[in-house]
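Trainee: Could you take one part of this model and walk me through it closely? I'd like the neighbours and the surroundings too, not just a list.

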Amino acid sequence: MSSASNIVDYSQSTGFLFYAYTTEQMVSIVRAWAEHAWPITLDKAFLLRDQCGWTGAPHDGTLFTTPVSSGETDGTIMADTRDRNLVNSIDARLTTWVPVELEAHVSTITQSIYTDYRNALTTVYGPPKEGRGKYGPYSDWMLPNNASINLASVGTFVEVTIKSPTETQNAALAAYYESKYGPDIP
């Protein structure tokens, strides 16, 4: 699923190593995870991880490195707390991460990448719920299978989080209780 032709090199524009998945590759990765039959076992998640061209950490296969990283771990497969053999979410950077002091050199690029990615996912899944977090804009999609996708631009990188239907339901319930009772739920 992943190859060098699926990665865009922005290093000349930034003056340092900076990579991003092509929009088509990002859509392929997101669809592979989000549209997979849930629940996903850890064994199946490791197969999907490998198909995406991601390399599991030697000590813990739930941590991984992607081809767009600069060598550091930049993704996580989160196991369900009730059944450690099942996955509740996947989090992966879609671009290289750079230190915040270099944000001025990449923020225009990351914003453009985020916009292209959001537009591509909107074509597939329809309009997202959009917002702005502490570090930048984000878009959320709820899928027919009740899995959810969060695409976020964090200034120095773009990332995606895909939550299982169970985790999506748990997050919605927690948000409801927090809105009703405040952050210190009894």
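Mentor: Let's take strand 8, work outwards through its partners and the pocket beside it, and then visit a few other spots in the chain. Keep in mind throughout that this is a predicted model.

Strand 8 spans residues 137-142 and has two faces. Pro137, Ser139 and Trp141 sit on the covered one, while Tyr138, Asp140 and Met142 make up the uncovered one. That every-other-residue pattern is familiar: side chains in a regular strand alternate between the two faces of the sheet.

Now the neighbours. On one side there's strand 7 (residues 129-132), which pairs with strand 8 in the antiparallel sense over four bridges. If you want a residue to anchor that pairing, go to Ser139, the bridge partner of Glu130. The hairpin of these two strands has four residues between them, and in it Gly136 takes a positive phi near 155 degrees.

Then there's strand 9 (residues 148-153), also antiparallel to strand 8, over five bridges. Here Asp140 has Asn150 as its bridge partner, and Trp141 stands opposite Ile149. This hairpin has five residues between the strands. Look at Asn146 in that loop between strand 8 and strand 9: its phi is positive, about 75 degrees, although it isn't a glycine. For context, most residues other than glycine have a negative phi. Asn146 has a relative accessibility of 44%, so it counts as partly exposed.

Zoom out and you get the whole sheet. Eight strands form an open sheet in the order 3-4-5-6-10-9-8-7, with antiparallel pairing. Strand 3 and strand 7 are the edge strands, each pairing on one side only. Strand 8 therefore sits between strand 9 and the edge strand 7 in that order.

Strand 8 also helps line the largest pocket, which holds about 300 Å³ of space. Its lining counts 13 residues, and those closest to the centre are Asp140, Met142, Ser148, Lys163 and Thr168. Asp140 and Met142 will ring a bell, as they belong to the uncovered face of strand 8. The elements giving two or more residues to the lining are strand 8, strand 9, strand 10 (158-163) and helix 5 (165-181). Helix 5 makes the largest contribution, with four residues. By type, the lining divides into six nonpolar, four polar and three charged residues.

Helix 5 has something else to show you, an aromatic pair. Tyr177 and Tyr181 have ring centres 6.0 Å apart and planes at 25 degrees, so they count as stacked. They're four residues apart in the helix, which separates them by about one helical turn. Both have some exposure: Tyr177 is partly exposed at 35% relative accessible area, and Tyr181 is partly exposed too, at 47%.

A search of the whole structure finds five aromatic pairs. Another of them is Trp33 with Trp54, with centres 6.1 Å apart and planes at 10 degrees, so that pair is stacked as well. Trp33 lies in helix 2 (residues 23-34) and Trp54 in the loop between helix 3 (42-51) and strand 3 (55-56), so the pair ties together parts that are 21 residues apart in sequence. Here both partners are buried. Ring pairs also bring in Phe64, giving a cluster of Trp33, Trp54 and Phe64. For a ring contact of another kind, try Arg93, which lies over the face of Phe157 at 5.2 Å from the ring centre.

A few backbone details to finish. Trp38 and Pro39 are joined by a cis peptide bond, with omega about 0 degrees, and Pro39 is in the loop between helix 2 and helix 3. Gly126, which follows helix 4, has a positive phi near 90 degrees. Helix 4 itself (residues 103-125) has a run of buried residues, among them Val106, Ile109, Ile113, Tyr117 and Leu121. Last, Gly155 lies in the loop between strand 9 and strand 10. With a relative accessibility of 8%, Gly155 counts as buried.

Conventions. Residues are numbered from 1 along each chain as its sequence is written. This is a predicted model: local features need pLDDT of at least 70, side-chain atom pairs count only at pLDDT 80 or more; totals for chains, interfaces and linings use all residues. Side-chain values use heavy atoms; hydrogens and water are left out. Buried means under 20% relative accessible area, exposed over 50%, partly exposed in between (1.4 Å probe, protein chains only). On a 1 Å grid over the protein atoms alone, a cavity is a set of points where a 1.4 Å probe fits but cannot get out, and a pocket is an open set with protein on both sides within 12 Å along at least five of seven lines; lining residues have an atom within 4 Å of a point. Grid points are joined across faces, edges and corners, and a volume is the space filled by probe spheres set on the points. Ala, Val, Leu, Ile, Met, Phe, Trp, Tyr, Cys and Pro count as nonpolar, Asp, Glu, Lys and Arg as charged, and the others, Gly among them, as polar. Rings of Phe, Tyr and Trp (its six-membered ring) pair if their centres lie within 6.5 Å; planes under 30 degrees apart count as stacked, over 60 as edge-to-face and the rest as tilted. A charge sits over a ring if NZ of Lys or CZ of Arg is within 6 Å of the ring centre and within 35 degrees of the ring normal.
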